[in-house]
Amino acid sequence: MSQSRHVPVMLQRCLDLLAPALTEPGAVVVDCTLGLGGHSEAFLERFPEARLVALDRDKEALRLSGERLAPYGERAALVHAVYDELPDVLDRLGIPRVQGVLFDLGVSSMQLDEADRGFAYAQDAPLDMRMDQTTGMSAAEVLNTYPPGELVRILRAYGEEKQAKRIVSAVVREREKEPFSNSARLVELIRAALPQAAKRTGGNPAKRTFQALRIEVNGELSVLERAIPAAVETLDVGGRIAVLSYQSLEDRLVKQVFAAGAANTAPPGLPVVPERYAPRLKLLTRGAELPTEEEIAENRRAAPARLRGAQRIRESIG
């Protein structure tokens, strides 16, 4: 997919959600998931007085988006980091607070389109799935070495796969004959392991297993659990955060963090609520916003997206 044709998911709505916080000269917006740089480029264009800090753990993504964002010069700082490292990154850059934060949690289009990364189940490729290929275990190593019980847990928890036991027993049987290395063999095995009824629903039957492996390989949920509260803490009062999730586990995590921040935590019956119990966040979306039919037609990867936004309305006390 060429960069020019790449349409970032729900771009206009992300921009509109963050816009009120980004109009002041010197406002800083953080793109925690730079990818091919579509959202970042739109921020720099729409908010000419703003500075951008963009993070990605994928060096290839940083290289490509670096070329794309080069015309903006000093206004864009691109950093090789996982998004739960945001507080350290801002510290190193000498930025005490930011005005806007965006997370786009989907696998980047580049990673899906680069066959040799092994993210896509539609084409044969080495089972890698690491977003940062310089570190950590590949998906093949997870499949070949994890105990069966652990694999079942991962498929159930991260892939919401009801047939986890059937798939894992087939994996264990097959890996003893020959370790897994490529995605096509895994896809075939999943197709063979599933009962007919399970194959008739919900697209490619390998989808849930691939999602589960990707989350495990990249530690995505544990990173996200740290990253969203950390990002909220970096926001200035009046600052805004927008999060695009693509599966229910991520969306649930974001919802919980935002709901906790927007809650009044005072013990019942106090005549006046002390400030330390007052909400720190105001929710900017009613539940999760879904993409329109037009947005899905423009970019089919937007279909499962869920957008949530919140605004920081006071400092943390105690």
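## A tour from the cavity outward

By class, seven nonpolar residues, one polar residue and no charged ones make up the lining of the largest cavity. That is a good place to begin, keeping in mind that you are looking at a predicted model.

**Stop 1: the cavity.** Select Leu 143, Leu 151, Leu 155, Ile 167, Val 168, Val 171, Leu 186 and Thr 209, and you have the lining on screen. The space they enclose has a volume of about 40 Å³, and the count of cavities of 30 Å³ or more comes to one. Now colour helices α7 (148-159) and α8 (164-177): each supplies at least two residues of the lining. Which of the helices gives the most to the lining? It is α8, with three residues.

**Stop 2: Leu 186 and the core.** Keep Leu 186 selected, since it belongs to the cavity lining and also takes you into the largest nonpolar core. Leaving aside residues up to four places away in sequence, Leu 186 touches Leu 127, Leu 143, Val 171, Phe 180, Thr 209, Phe 210 and Leu 213. The core has 64 residues, and Phe 103, Leu 186 and Ile 241 are the ones that touch the most other members. Show helix α12 (residues 220-234) next; with seven residues, α12 gives the most to this core. A second core, separate from that one, has 29 residues, including Val 9, Leu 18, Ala 27 and Val 29. In soluble globular proteins, nonpolar side chains tend to be buried together.

**Stop 3: a buried arginine.** Jump to strand β7 (residues 306-312) and pick out Arg 308. Is Arg 308 buried or exposed? Its relative accessibility is 11%, so Arg 308 counts as buried, the cut-off being under 20%. Add Asp 251 to your view: the side chains of Arg 308 and Asp 251 make a polar contact at 2.7 Å. Other residues that Arg 308 touches include Leu 17, Ile 241, Val 243, Phe 258 and Thr 285.

**Stop 4: two positive phi angles.** Most residues other than glycine have a negative phi. Go to the loop between α5 (109-113) and α6 (139-145) and select Met 129, where phi is positive, near 70°. Met 129 counts as buried because its relative accessibility is 0%. Then move to the loop between α7 and α8 for Glu 160, another non-glycine residue with a positive phi, here about 45°. Glu 160 has 35% relative accessibility and therefore counts as partly exposed.

Technical notes:
Residues are numbered from 1 along each chain as its sequence is written. This is a predicted model: local features need pLDDT of at least 70, side-chain atom pairs count only at pLDDT 80 or more; totals for chains, interfaces and linings use all residues. Side-chain values use heavy atoms; hydrogens and water are left out. On a 1 Å grid over the protein atoms alone, a cavity is a set of points where a 1.4 Å probe fits but cannot get out, and a pocket is an open set with protein on both sides within 12 Å along at least five of seven lines; lining residues have an atom within 4 Å of a point. Grid points are joined across faces, edges and corners, and a volume is the space filled by probe spheres set on the points. Helices (H or I, at least four residues) and strands (E, at least two) are DSSP runs, numbered from the N terminus. Ala, Val, Leu, Ile, Met, Phe, Trp, Tyr, Cys and Pro count as nonpolar, Asp, Glu, Lys and Arg as charged, and the others, Gly among them, as polar. A nonpolar core is a set of buried Ala, Val, Leu, Ile, Met, Phe, Trp, Tyr and Cys residues joined through side-chain atoms within 4.5 Å. Buried means under 20% relative accessible area, exposed over 50%, partly exposed in between (1.4 Å probe, protein chains only). Contact means heavy atoms within 4.5 Å. A polar contact is a pair of N or O atoms within 3.5 Å; within protein, one must be able to donate a hydrogen and the other to accept it, and residues adjacent in sequence count only if both atoms are side-chain atoms.
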